[in-house]
Each structure stands twice: as C-alpha cells, then as structure tokens.
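Please look at the model below and follow its chain from one end to the other, before reading on about its fold, its surface and its cysteines.

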Amino acid sequence: EDIKPCTVTLSEAYDHHSEVQAGKSEGHQKAVRNRVGKWVEVFGGDRLVSDVTAQEVAKDLEGRLYNERDPKTKTTYNNHLNYIKTFMNWCAGAEQGYIKESPIAGMKLKVKEWADPEYLSAEDTRKLFETLEGHKEENPADLADAILSFFCGMRQDEIKRVRQGEGAVRISLENHN
C-alpha cells in the first residue's frame with residue numbers, strides 16, 4: 001500500500017540497468033547481456049517487473065540450463081541465477097523503486113559436490129613453460145600471458161588491460177640466465 005503499482009516492464013528495467021553497467025568491464029557487461037538479457041528475452045520483456053516469481057525463474061533456469069546428469073550445469077545455473085538476483089535486487093533498490101522487494105532474493109543456489117582440486121605437477125609445469133618458451137617467436141604473448149595467469153592469478157580480461165597504454169606490462173626473458 002505504501003508504493004505505487006509497478007508500471008515498468010522487464011525490458012525497460014533491463015535497458016536502464018544496462019546503462020548503469022556502462023562503466024564496467026566489457027567482460028562484465030557481456031555476462032550481464034548473456035545472463036540477464038537472455039533471461040529477460042525468454043521470460044518476456046513486455047511483462048512487468050512485478051510479474052516475476054521465484055517459481056517461474058526456477059522453472060526457466062532448470063529447463064534451459066540445468067541437466068541433472070551433468071553436475072557441471074549446476075555452475076551455469078548458479079551463475080545465471082546470481083546475475084538475475086542482482087538485477088532483481090537492483091530493481092527493488094530505493095533509486096529505482098520498481099518493486100518493493102525482490103521476489104527471488106531467497107532462491108537457493110544448486111549445491112555442488114566437493115571434489116579435490118586438480119593440480120599441475122611441477123614436472124608438467126616445467127614442460128608447459130618450456131613449450132611456451134619454445135614457441136615465443138610464433139606467439140610471443142602466450143608465454144607472458146601464461147606467467148601472469150599462472151603465477152600472478154590474473155584473469156584474461158585483466159591481462160588484456162595491462163597490455164594497453166602507459167601502464168602496459170613489459171616482460172623480457174632475453175636477458176634471463
């Protein structure tokens with residue numbers, strides 16, 4: 001009773017949400033398009049934000065993304081659900097006020113079974129970097145990318161950013177003994 005009925009469609013809300021994402025990384029914006037944008041399209045962009053129910057979201061994600069026989073699809077399901085939950089929480093935020101509260105805020109993620117992580121052995125690591133070093137004439141960035149990723153834990157988008165402009169990373173193995 002204390003807020004006006006929702007008159008905003010999912011497409012309108014998504015368009016506004018996309019504008020807010022403009023300053024974020026291209027990788028993040030792509031994830032929002034692929035997860036939230038696709039969901040809005042499938043769910044129905046002409047529907048009101050207030051029409052969203054947890055039951056319908058679960059049914060859609062289960063049908064499109066989850067396969068009970070493939071445990072890896074739990075990750076896909078969870079990733080999509082997290083992005084959609086973030087979007088719906090944004091819709092319920094005081095700045096937007098499209099809805100009073102997100103109807104999917106309480107949706108649970110799929111529980112993923114624990115598995116011991118797999119590690120690359122020291123010998124295989126040596127072989128990998130020797131191979132990359134041997135191919136640095138054909139693909140000079142591969143060795144630098146592997147070093148930054150493997151030893152520094154940098155994601156590919158971060159590595160792309162450090163290549164650009166004044167702050168670009170320069171690695172030379174020529175003088176290394």
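Read along the sequence, this predicted model follows the pattern α-α-α-α-α-α-α, and the count for the chain is accordingly 7 helices and 0 strands. The radius of gyration of the chain is 22 Å, whereas the globule rule gives 16 Å for 177 residues, a value that the chain exceeds well, so the chain is more spread out than a compact globule. Along its principal axes, the C-alpha trace spans about 75 × 45 × 25 Å.

How do the parts of the chain meet one another? If one takes the contacts with a separation of 6 or more, 58% of them are between residues that lie 24 or more positions apart in the sequence. Buried residues make up 32% of the 177 residues, and the accessible surface of the chain comes to about 12,200 Å², with 50% of that area belonging to carbon and sulfur atoms. The chain also carries 25 positive and 31 negative charges, and the mean positions of these two groups are 3 Å apart.

The cysteines deserve a separate look. A disulfide is a covalent bond between the sulfur atoms of two cysteines. How many disulfides does a search of the whole structure find? The search finds 0, and Cys91 can serve as an example to examine. The cysteine sulfur closest to that of Cys91 belongs to Cys6 and is 8.1 Å away, which is too far for a bond, since a disulfide requires sulfur atoms within 2.5 Å. Cys91 is also buried, with a relative accessible area of 0%.

Methods. Residues are numbered from 1 along each chain as its sequence is written. This is a predicted model: local features need pLDDT of at least 70, side-chain atom pairs count only at pLDDT 80 or more; totals for chains, interfaces and linings use all residues. Side-chain values use heavy atoms; hydrogens and water are left out. Helices (H or I, at least four residues) and strands (E, at least two) are DSSP runs, numbered from the N terminus. The radius of gyration is taken over C-alpha atoms; the globule rule is 2.2 Å times the number of residues to the power 0.38. Buried means under 20% relative accessible area, exposed over 50%, partly exposed in between (1.4 Å probe, protein chains only). Contact means heavy atoms within 4.5 Å. Accessible areas come from the Shrake-Rupley method with a 1.4 Å probe; for residues, only the protein chains shown count as cover. Lys and Arg count as positive and Asp and Glu as negative; His and the chain ends are not counted. The place of a charge is taken as NZ of Lys, CZ of Arg, CG of Asp or CD of Glu.
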